[in-house]
Protein chains: 2
Amino acid sequence: MTEPTIDVLAIGNAIIDVIADTDDAFLAAEGMRSGSMRLIDAERAVELYGKMNPGREISGGAAANTLAGLASLGAKVAFVGQVADDQLGTIYRHDLTAAGVAFDTPAREGEPPTGRCLILVTPDGQRTMNTLLGASHYLPEDAASDELVASAKILLLEGYLWDPPEPRAAMRKAIKAARAAGRRIAFATCADFCVKTHRKDFRALIDDGLIDILFANEEEAAILEDSDAASAVETLARDVPLLVITKGPEGALAIDENGARFEVAALPVERVVDTTGAGDVFASGFLYGQVSGRSVLDSLRMGSIASAEVISHYGARPEKSLKDLVAEQL
Amino acid sequence: MTEPTIDVLAIGNAIIDVIADTDDAFLAAEGMRSGSMRLIDAERAVELYGKMNPGREISGGAAANTLAGLASLGAKVAFVGQVADDQLGTIYRHDLTAAGVAFDTPAREGEPPTGRCLILVTPDGQRTMNTLLGASHYLPEDAASDELVASAKILLLEGYLWDPPEPRAAMRKAIKAARAAGRRIAFATCADFCVKTHRKDFRALIDDGLIDILFANEEEAAILEDSDAASAVETLARDVPLLVITKGPEGALAIDENGARFEVAALPVERVVDTTGAGDVFASGFLYGQVSGRSVLDSLRMGSIASAEVISHYGARPEKSLKDLVAEQL
């Protein structure tokens, strides 16, 4: 078996974020829970977009955001995801590659268009997401070759993409290839609805020893274990080698395979503008720590530094060099 | 003749801004003069985009930005401009109408696509623009009906759009309709290259008494008059009823038909993030003052308040209510 040549390969949604300011009254009128994420269909996307304020289009997608953050830290990374052969797809590919992420999955002809996420940001910086998966749904099973998977130290999988069957098959195939090559597998649960819908599958992956690093927040952990958050974290910590629990403004927690517990506070931010991508880019910092041989605590600290940068502006990808920020702050 | 039912109608480019951070070395390597604007073709757009950092897509276009600012101040406004029937066109229409601007020009089928402007922002907030006019080129001569022109107190024309022949014909037709209906005509020279290319035409409009309010900066004034800036301003002030000269960080100046001179300083801004649209949204404040019966000095002050908001974030359209800002600050 050859040595890995890149740090992280991720399979995830290829989604353009459409970010608009709103207020709590609008969320209430549209029946949205602040801070949530849900999937919407094309009809609802048109309806909701028609009611939204002017937007900013910025490339997103959970795992892709993590990769953009990793690249900003200096890691070698690659992405597998599905855009359509349209204007938003062109923008998506440009933004990701310009961020330093290798992205070779060919665009898909015809309908549906490139996926987008209508993101409503309230004055407190909280984001509420409505995702039209679009072409992302149709990532083919063989999108990530076994060789590509084997080339990366860590395979990162995005829970959001467990929903559609073809991408799920692509992720199952990649898990096999990663295990065969002796690589680590990181998994982000992403949202409570993902865990609710796919609890059995996620739990089976854990039970089969196929997740080495699990990223979740407390709510997602609780749903996964069908218990209160505290006991869910304890149970999960016993079953995955490295558990990372993000707690928003309360920081983050990691528990390693020996049961040792590490915690960091969230870093102060002058103004929280938009929390979109906070968890994704926390994972960038944490995974960078892991691939560069840092301690679990330093990995958490890198996550905090990365998160603080991304919530201080609109959009889910870093605008400043995370490498420089880590050099200054750690 | 019926009374006007809206405040300002503008004819301008329908352009999506693609805004990316850069540094002075990149501008130098690409042979760009910091702060300039130039037109590029499709081939150069692909080449330049391929070298640019990840972008933020935010709707723009000089006159449309002015209208978005006017709507934010509470004015009734309408836009005439050409988008293509594509994803960027859909985004453009959404953003403008969601900002409160009426926009009924039908999208154009087929090539070229909706126009875009590749904007490079240096750490000092200065923007350097590379515009692919795209569908904007093909605004048909009859796009603004005489009735629509007559319905607005002020017709605003964008100098950028004087370049392509069809939109120029549309503007000439609108000028006639505005004069026939006894409306005021405002004209923004927009950029030095526009003035260089169309100096004769612009000067003829002034000589024929077809410009009531002229927006320019000192450099554009100097090119227009082929003299130094100071004497150019004096000459132009004699020939147009209301001359508005924007001077970036040094504020702005207006000279009325009696030769009275008014000046305002630029308002302090915590951090200049992106100066894109500063002049356009200065015009929003100034024109709002004019249509709401304020003095020339108060119109200038409104311009300063509007400009200060728009340079404090990425993108050329206000993110905060300009009406609220003016109520607080004036």
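These exercises work through the contacts, symmetry, sheet and helix packing of a predicted two-chain model.

Local features need pLDDT of at least 70 and side-chain atom pairs count only at pLDDT 80 or more, while totals for chains, interfaces and linings use all residues. Residues are numbered from 1 along each chain as its sequence is written, and chains are lettered from A in the order in which they are written.

**Exercise 1. Describe the side of chain A that touches chain B.**

Step 1. Count the contacts. Two residues are in contact if their C-beta atoms, placed from the backbone, lie within 7 Å. On that test, 22 residues of chain A meet 22 residues of chain B.

Step 2. Assign the elements. Helices (H or I, at least four residues) and strands (E, at least two) are DSSP runs, numbered from the N terminus. Strand 4 (56-59) and helix 4 (87-98) of chain A are the elements that give two or more residues. Helix 4 of chain A gives the most, with six residues.

Step 3. Sort by chemistry. This side of chain A holds nine nonpolar, six polar and seven charged residues. Here Ala, Val, Leu, Ile, Met, Phe, Trp, Tyr, Cys and Pro count as nonpolar, Asp, Glu, Lys and Arg as charged, and the others, Gly among them, as polar.

**Exercise 2. Find the operation that superposes chain A on chain B.**

Step 1. Superpose. The fit is by least squares on the C-alpha atoms of residues with pLDDT of at least 70 in both copies. It gives a rotation of 180° with 0.0 Å of shift along the axis, at RMSD 0.0 Å.

Step 2. Name the relation. This is a two-fold axis.

Step 3. Locate the axis. In chain A, the C-alpha nearest to it belongs to Glu57(A), at 2.4 Å.

Step 4. Check the surface. Of the contact residues of chain A, 100% recur in chain B, so the same surface serves both copies.

**Exercise 3. Lay out the nine-stranded sheet of chain A.**

Step 1. Order the strands. Two strands pair if DSSP finds at least two bridges between them. The open sheet of chain A runs 6-5-1-9-10-11-12-13-14, with mixed pairing.

Step 2. Find the edges. Strand 6 (101-103) and strand 14 (261-264) of chain A each have a single partner strand, so one side of each lacks a neighbour in the sheet.

Step 3. Take one pair. Strand 1 (residues 6-11) and strand 5 (residues 77-80) of chain A are parallel over four bridges. Leu9(A) stands opposite Ala78(A).

**Exercise 4. Which residues of helix 12 of chain B are buried, and which are exposed on the face turned away?**

Step 1. Apply the cut-offs. A residue is buried if 20 or more other C-beta atoms lie within 10 Å of its own, exposed if 12 or fewer, and partly exposed in between; C-beta atoms are placed from the backbone.

Step 2. List the buried residues. In helix 12 (residues 322-329) of chain B they are Leu322(B), Leu325(B) and Val326(B). They fall within an arc of 95° seen down the helix axis, so they line one face. The arc is that of the directions from the helix axis to the C-beta atoms.

Step 3. Turn to the other face. Asp324(B), Ala327(B) and Glu328(B) are exposed there.

Step 4. Find the cover. Helix 3 (62-73) and helix 11 (296-310) of chain B are among what covers the buried residues.

**Exercise 5. Place Gly277(B) and list what it touches.**

Step 1. Gly277(B) lies in the loop between strand 14 (261-264) and helix 10 (278-291) of chain B.

Step 2. Gly277(B) has 30 C-beta neighbours inside 10 Å, so it counts as buried.

Step 3. Leaving out residues up to four places away in sequence, Gly277(B) touches Gly60(B), Asn65(B), Val310(B), Ala316(B) and Arg317(B).
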